[in-house]
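Here's a quick tour of a protein model, written for someone just getting started. Have a look at the structure first, then follow the bullets below.

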Amino acid sequence: MRIAFGLLVVVVGTVWLLGGGSAVRSGGRWALSALPYALAAVGLLLILRAAVPRGLLAGPVVLLAGGGLWAAYDAGVFDESSADRIWPLVVIALGTVLSLGVRTESRRPEEEHPLRRYRSVLVPVDRRVVTTTVPLRNVTVSSYFGNAVIDLSGAQFMGDASADDPARVIEADVTVLFGRVELVVGPYCAVVKGNVESSLAVHFADRIAVYPNVDEYLSAGSLRHPHRLVLNVLGLGGSVAIRAL
């Protein structure tokens with residue numbers, strides 16, 4: 001979010017420098033007038049993502065975008081009087097989406113570190129976490145109008161220092177804003193609920209063992225499930241799903 005705020009400040013400062021205060025006020029009024037259309041477009045995209053199977057979303061989005069641009073052109077939105085304001089904003093919006101949502105894939109393996117962070121902003125993110133030398137202790141996943149699938153089945157969990165608790169533990173901190181996060185764990189992993197009261201849409205697959213707290217896990221499930229995932233969720237809208245291989 002700091003990146004988004006920084007980009008917004010840069011855009012406002014650039015407009016202010018080139019056009020003065022009147023340009024900033026004019027741009028603000030235009031942005032407020034365009035806000036309902038932007039909200040409608042985002043809502044339609046969320047409906048499509050929920051209704052259309054994964055992998056088939058590109059076609060409907062392209063058709064809707066093309067039809068919307070055609071209708072805007074027929075309505076005179078792209079005439080000479082307004083094109084000078086619209087196209088720069090389109091370029092800025094495209095750059096914002098690319099900077100926030102797209103991460104360049106590296107050919108090298110992901111750096112070994114006990115703390116991992118993943119983020120999806122509009123653009124889907126699919127990662128398989130593999131550890132070889134450094135066990136994983138914490139994973140932070142954020143989804144803002146996006147879809148993040150994080151596979152933890154190949155990760156080695158960090159061992160607990162307590163002698164009374166021999167299990168290997170990983171803590172997952174999930175944040176969703178009308179997005180979706182899916183965590184995949186191995187067959188010997190149980191889920192212990194941490195702070196999940198702030199999000200209602202948390203779904204656990206049938207084969208997932210879920211415990212309300214650590215004490216219940218230690219008394220009932222630590223022998224059958226030597227790995228545990230402590231789940232903390234903060235969200236508004238969206239959903240969080242946990243499934244096992």
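Let's start at Leu35, which is partly exposed, with a relative accessible area of 41%. Leu35 sits in helix α1, which covers residues 2–51. Keep in mind that you're looking at a predicted model.

**The big picture**

- The protein chain has four helices and 12 strands.
- Of its 245 residues, 30% are buried.
- About 15200 Å² of the protein chain is exposed, and carbon and sulfur atoms supply 65% of that area.
- Take the contacts between residues at least 6 apart in sequence: 62% of them join residues at least 24 apart.

**A greasy spot on the surface**

- Leu35 has company: together with Leu32 and Leu39 it forms a nonpolar patch on the surface.
- The accessible area of Leu32, Leu35 and Leu39 together is about 320 Å².

**Aromatic pairs**

- How many aromatic pairs does the structure hold? There are two.
- To describe a pair of aromatic rings, you give the distance of the centres and the angle of the planes.
- In the Phe145 and Phe178 pair, the ring centres are 5.8 Å apart and the planes are at 20°, so this pair is stacked. The cut-off behind that label is planes under 30 degrees apart.
- Where do these two rings come from? Phe145 is in the loop between β3 (138–144) and β4 (147–151), while Phe178 is in the loop between β6 (168–177) and β7 (180–185). The pair therefore ties together parts that are 33 residues apart in sequence.
- Are Phe145 and Phe178 buried or partly exposed? Phe145 counts as partly exposed at 26% relative accessibility, and Phe178 counts as partly exposed at 35%.
- Now for Tyr211 and Tyr217: their ring centres are 5.7 Å apart and their planes are at 75°, so you'd call this pair edge-to-face. Here the angle has to be over 60 degrees.
- Tyr211 is buried, with a relative accessible area of 9%, and Tyr217 is buried too, at 0%.

**Salt bridges**

- Searching the whole structure turns up three salt bridges.
- One of them pairs Asp151 with Arg128, and their closest N and O atoms are 3.0 Å apart.
- That pair links distant parts of the chain, since Asp151 is in strand β4 and Arg128 is in strand β2 (residues 125–128), 23 residues apart.
- Asp151 counts as buried, because its relative accessibility is 15% and the cut-off for buried is under 20%.
- Glu182 and Arg180 meet through their side chains in another salt bridge, at 2.9 Å from N to O. Glu182 is buried, with a relative accessible area of 6%, whereas Arg180 is partly exposed at 24%.
- Glu182 also makes a salt bridge with Arg243, at 2.2 Å from N to O.
- Arg243 is in strand β12 (residues 239–244) and Glu182 is in strand β7, so this pair ties together parts that are 61 residues apart in sequence.
- Arg243 itself is partly exposed, with a relative accessible area of 35%.
- Which residues end up in one network through shared salt-bridge partners? They are Arg180, Glu182 and Arg243.

**Zooming in on Ser239**

- Strand β12 is also where you'll find Ser239, a buried residue with a relative accessible area of 17%.
- Along the chain, Ser239 and Phe178 are 61 residues apart, yet 7.6 Å separates their C-alpha atoms.
- What does Ser239 touch, leaving aside its neighbours within four places in sequence? The residues in contact with Ser239 are Val176, Gly179, Arg180, Val181, Ala201 and His203.
- You've met one of those already: Arg180 belongs to the salt-bridge network with Glu182 and Arg243.

**A buried arginine**

- Arg116 is in strand β1, which spans residues 115–121.
- At 3% relative accessibility, Arg116 counts as buried.
- What does the side chain of Arg116 reach? It gets to the backbone oxygen of His113, at 3.0 Å.

Terms used
Residues are numbered from 1 along each chain as its sequence is written. This is a predicted model: local features need pLDDT of at least 70, side-chain atom pairs count only at pLDDT 80 or more; totals for chains, interfaces and linings use all residues. Side-chain values use heavy atoms; hydrogens and water are left out. Rings of Phe, Tyr and Trp (its six-membered ring) pair if their centres lie within 6.5 Å; planes under 30 degrees apart count as stacked, over 60 as edge-to-face and the rest as tilted. Buried means under 20% relative accessible area, exposed over 50%, partly exposed in between (1.4 Å probe, protein chains only). A salt bridge is a side-chain nitrogen of Lys or Arg within 4 Å of a carboxyl oxygen of Asp or Glu. Patches are made of residues with over 30% relative accessible area and no salt bridge: like charges are joined within 9 Å, nonpolar side chains (Val, Leu, Ile, Met, Phe, Trp, Tyr) within 5 Å. Accessible areas come from the Shrake-Rupley method with a 1.4 Å probe; for residues, only the protein chains shown count as cover. Contact means heavy atoms within 4.5 Å. A polar contact is a pair of N or O atoms within 3.5 Å; within protein, one must be able to donate a hydrogen and the other to accept it, and residues adjacent in sequence count only if both atoms are side-chain atoms.
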